[in-house]
Every structure is written in C-alpha cells, then in structure tokens.
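Good morning, and thank you for joining. I should like to take the group through one structure, beginning with a single side chain and then moving outward.

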Amino acid sequence: MENLSKSSLDIAAQKCALRLAMHELLAKVSATRRQEARATAFERLCPLMASYRRVLSFASLPEEVDLLPINTHLCDRHALCLPCVEGECLRLFAVESLVDDLIQNRWGIWEPLLGRCKELALADIDAILVPGLAFDKAH
C-alpha cells in the first residue's frame, strides 16, 4: 500500500510538471498561430457537428483555442450549450445569445446566466467539445 501511495504521488508530481511545461509553451504561441488554430477548428469541426441538435461547448480561456466562431455558429443554429460550475457540479444550459445570456464567473469564465437560459440534462446533448491542455499522438 505504501508503494501505491508513493507511486500516486510520483504521477501527480509528473502531471503537475507537465501542466506547467505545457502552459509555458502555450504562452509562447504567436497570435498568427492562434488565428490559424481558430480558423482550422472552425473549418474542421462545424461540418462534423452539422447534424447535432445540441452541442456542449465551452468558453475558451486566453491560452486555449478560441472557440468564439464555433460557439457563434452553434448559437445561430440554436445548438449551443454551455456549462455553469456550481461547487463540484456542472449544470448544462442552452444558450440563445452570446451577448445577453452570458456572465463572467469569479474566474473570468463566461457562463450561462441562471434564470435566463434553459437547463438541460446530459441526455439532451448530442456532442461535447472538451478542453484539453495537451494530447499525445494516440489520444
């Protein structure tokens, strides 16, 4: 049992170091490359999501690929869903307007305005865009 705990701590330390290294690399990505990633994400993902009625997306942080064009497209189709964090829980909401239906939370992340957006169940979602810091070739 003691070895398992030490092994778990080693993995946690490795993950922490990897996250830090990835954040440092992302900070060096040029504005031009960020614009290219934004355009590529839109060009590749929108056709794949065309048949989905509801897509759970996320409001991008500055170091992430900017999903505003995708979220705008989904919103125009009445297909955009965004999460709202409450403690340890995520609540899912349909977003009809990126201007009127969102508010920044205490971390500066745009979330659905409670009372204005319709809450959805996970079963209502057809696809999910998941943020990630880094991926290997197999994943």
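Let us begin with the side chain of Gln 104, one of whose polar atoms lies 3.0 Å from the backbone oxygen of Gly 108. Please bear in mind throughout that this is a predicted model. Gln 104 belongs to strand 4. Is this residue buried or exposed, or something in between? With a relative accessible area of 43%, Gln 104 is partly exposed. If one sets aside its neighbours within four places in sequence, Gln 104 is in contact with Ile 109 and Trp 110.

The next residue to consider is Asn 105, located in the loop that joins strand 4 (102–104) to strand 5 (110–112). Its relative accessible area is 16%. Because the limit for a buried residue is under 20%, Asn 105 counts as buried. Which side chain does the side chain of Asn 105 meet in a polar contact? The partner is the side chain of Glu 111, at 3.2 Å.

I turn now to helix 3. For orientation, Cys 75 is separated from Gln 104 by 29 residues in sequence, and their C-alpha atoms are 18 Å apart in space. Helix 3 comprises residues 68–76, and its buried residues are Ile 70, Asn 71, Leu 74 and Cys 75. Why do these four residues fall on the same side of helix 3? They cover an arc of only 135 degrees around the axis, and that places them on one side. The general principle is that an α-helix has 3.6 residues a turn, so residues three or four places apart point the same way. What covers the buried residues of helix 3? The cover includes helix 2 (31–48), strand 1 (55–56) and strand 2 (80–86). Just after helix 3, His 78 adopts a positive phi of about 60 degrees.

Finally, the protein as a whole. Its secondary structure amounts to three helices and seven strands, and from the N terminus the elements follow the order α-α-β-α-β-β-β-β-β-β. The C-alpha trace spans about 50 × 40 × 30 Å along its principal axes. Of the 139 residues, 27% are buried. Among contacts with a separation of 6 or more, 59% are between residues 24 or more positions apart. The protein exposes about 9,800 Å², of which carbon and sulfur atoms supply 59%. As for charge, there are 16 positive and 19 negative charges, and their mean positions are 3 Å apart.

Thank you for your attention.

Note on methods:
Residues are numbered from 1 along each chain as its sequence is written. This is a predicted model: local features need pLDDT of at least 70, side-chain atom pairs count only at pLDDT 80 or more; totals for chains, interfaces and linings use all residues. Side-chain values use heavy atoms; hydrogens and water are left out. Helices (H or I, at least four residues) and strands (E, at least two) are DSSP runs, numbered from the N terminus. Buried means under 20% relative accessible area, exposed over 50%, partly exposed in between (1.4 Å probe, protein chains only). A polar contact is a pair of N or O atoms within 3.5 Å; within protein, one must be able to donate a hydrogen and the other to accept it, and residues adjacent in sequence count only if both atoms are side-chain atoms. The arc is that of the directions from the helix axis to the C-beta atoms. Contact means heavy atoms within 4.5 Å. Accessible areas come from the Shrake-Rupley method with a 1.4 Å probe; for residues, only the protein chains shown count as cover. Lys and Arg count as positive and Asp and Glu as negative; His and the chain ends are not counted. The place of a charge is taken as NZ of Lys, CZ of Arg, CG of Asp or CD of Glu.
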